[in-house]
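Work through the exercises below with the coordinates loaded. Each task is followed by a solution in steps.

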Amino acid sequence: MAYLTLRGINKIYPNGFHAVHDFNLEIEKGEFIVFVGSSGCGKSTTLRMIAGLENISKGDFFIDGVRANEKGPRERGVAMVFQSYALYPHMTVYDNLAFGLMLQGVDEDVIEEKVNATAKILGLTEYLDRLPRALSGGQRQRVAVGRAIIRKVDIFLMDEPLSNLDAKQRVTMRSEITQIHRQTGATTIYVTHDQTEAMTMADRIVVMKDGYIQQVGTPYDLYFNPTNMFVAGFIGEPPMNFIEGYVKDGKINVNDNVIDLIAIADKEVVDKYEHEEIVLGFRPEAIKLVGKEDIRKAFKISCTVELTELLGDNTNVYVDIHGIKTILKVDPHDSPAVDAKLEFAIPFESVYLFDKHTEKRIKLRA
Ligand code: ADP
């Protein structure tokens, strides 16, 4: 296990493109960190700088407090798993697992012991004689993970390792990787564009956009305390709903619905945003249906149902509030009919406000 420090890390590619800006992060020993963000936001670039596969243009990188900018990949004690499995097609699973150790000149009986132990962790024991082409995608990815963990490394790096798997295999491998992490205890950095993977696997998540860190926090933090509209919209499925509004006399008028800000925010906050554009956010699952539940301390909003999607455990209801589109998540037994008029309530404690210009979250209470 190792702890890592990234201080003011920047990447400027030879063509002048500035892919990562001032990346600062302390990663604790044994932590499972996930870098998440849309394609092109700089996740892989940052990971590759940590791996030593890409040089750091500016800033300092430390492993266990020792500056490692100039260290080569081998000296850093890292193992990396990529999106493509990169297995040797003509070698059996056993040989694929053993190959790295063989190159290092490790004794054969030690290799055998390690291969067997690794295969056991990954449930590959009965496939050791097979060639990669005789394995499923999930099994191949397990071999790729096995090749990385068989060398006792302190730092384990994974770049979108599940993206070639189907949805079901991804769910299985997600929990397998979490379990392997628990067993090996290696400090792990995992890159994905998938917010569900980030939420389910990470100790802490780093949300990135356009080369900048947006927020670092536990899954709980990011979900309940997003720092800005990007994070609020990125984490959660379906994403948070946003309604733009103009504050007048301390109220936002959303068509016929009046949202009286003094109910949720201190007077200074309400006064500060008087005559300003503001964005109100709420999560689809935070709403209650008026008439179904006892509603107090909530803003009520009327809307028309446009579409419903029954997912089994809940129904996504796409509604229109006189031109504003939002999504509500309701109990499947309460699924409304298309074109029905509906009134829903957003409990005060589930309302988020954002500054429309900076897109930053507004603190409601001092
Ligand atoms: P992500 O992993 O988040 O999808 P990357 O780190 O791969 O993003 O890329 C970040 C940005 O840097 C992208 O805009 C990408 O096009 C650019 N980029 C990646 N590699 C190079 C390169 N070798 N030269 C120039 N630009 C690059």
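**Exercise 1. The ligand shell**

Task: Sort the residues of the shell around the ligand by class, and state how many are nonpolar, polar and charged.

Solution.
Step 1. List the residues near the ligand, where near means that a heavy atom of the residue lies within 4 Å of the molecule. They are Tyr13, Asn15, Phe17, Ala19, Ser38, Ser39, Gly40, Cys41, Gly42, Lys43, Ser44 and Thr45.
Step 2. Apply the classes: Ala, Val, Leu, Ile, Met, Phe, Trp, Tyr, Cys and Pro are nonpolar, Asp, Glu, Lys and Arg are charged, and the others, Gly among them, are polar. The shell then has four nonpolar, seven polar and one charged residues.
Step 3. Assign the shell to elements, taking helices (H or I, at least four residues) and strands (E, at least two) as DSSP runs numbered from the N terminus. Helix H1 (residues 43–51) contributes the most, with three residues.

A note on the source: this is a predicted model, in which local features need pLDDT of at least 70 and side-chain atom pairs count only at pLDDT 80 or more, while totals for chains, interfaces and linings use all residues. Residues are numbered from 1 along each chain as its sequence is written, and side-chain values use heavy atoms, with hydrogens and water left out.

**Exercise 2. Polar atoms at the ligand**

Task: Find which polar backbone atoms and which side chain lie within polar-contact distance of a ligand oxygen atom, a polar contact being a pair of N or O atoms within 3.5 Å (within protein, one must be able to donate a hydrogen and the other to accept it, and residues adjacent in sequence count only if both atoms are side-chain atoms).

Solution.
Step 1. Check the backbone. A polar backbone atom of Gly40 is 2.6 Å from an oxygen atom of the ligand, and one of Gly42 is 3.0 Å from a ligand oxygen atom.
Step 2. Check the side chains. An N or O atom in the side chain of Ser44 is 2.8 Å from an oxygen atom of the ligand.
Step 3. Compute the cover with the Shrake-Rupley method and a 1.4 Å probe; for residues, only the protein chains shown count as cover. The ligand alone exposes 560 Å², and the protein buries 63% of that.

**Exercise 3. The nonpolar cores**

Task: Which residues of the largest nonpolar core touch the most other members?

Solution.
Step 1. Build the cores as sets of buried Ala, Val, Leu, Ile, Met, Phe, Trp, Tyr and Cys residues joined through side-chain atoms within 4.5 Å. Buried means under 20% relative accessible area, exposed over 50%, and partly exposed in between (1.4 Å probe, protein chains only).
Step 2. Rank the members. In the largest core, of 45 residues, Val145, Phe156, Ile177, Tyr190 and Val207 touch the most other members. Helix H4 (residues 137–150) gives the most to this core, with six residues.
Step 3. Look for a second set. Another core, of 32 residues, lies apart from it and includes Cys303, Leu328, Phe344 and Leu364.
Step 4. List the contacts of Tyr190 (heavy atoms within 4.5 Å). Beyond four places in sequence, Tyr190 is in contact with residues including Phe32, Phe35, Met158, Ile177 and Met201.

**Exercise 4. Two polar side chains**

Task: Are Asn316 and Gln139 buried or exposed?

Solution.
Step 1. Asn316 counts as buried because its relative accessibility is 5%. The residue lies in strand S17 (residues 315–321).
Step 2. The side chain of Asn316 makes a polar contact with the side chain of Asn314, at 3.4 Å. Beyond four places in sequence, contacts of Asn316 include Pro238, Leu307, Ile327 and Leu328.
Step 3. Gln139, in helix H4, has 12% relative accessibility and therefore counts as buried. Leaving out residues up to four places away in sequence, Gln139 touches Leu124 and Tyr127.

**Exercise 5. Backbone exceptions**

Task: Where does a cis peptide bond occur, and what is the phi of Lys297 and of His322?

Solution.
Step 1. Recall the background: most residues other than glycine have a negative phi, and most peptide bonds are trans.
Step 2. The cis bond joins Glu237 and Pro238, with omega about -5°. Pro238 lies in the loop between helix H8 (229–234) and strand S11 (241–248).
Step 3. Lys297 has a positive phi, near 50°, and sits in the loop between strand S15 (288–289) and strand S16 (298–310). At 65% relative accessibility, Lys297 counts as exposed.
Step 4. His322 has a positive phi, near 45°, in the loop between S17 and strand S18 (324–330). His322 counts as exposed, at 54% relative accessibility.

Methods. Contact means heavy atoms within 4.5 Å. A residue is near a molecule or strand if one of its heavy atoms lies within 4 Å of it.
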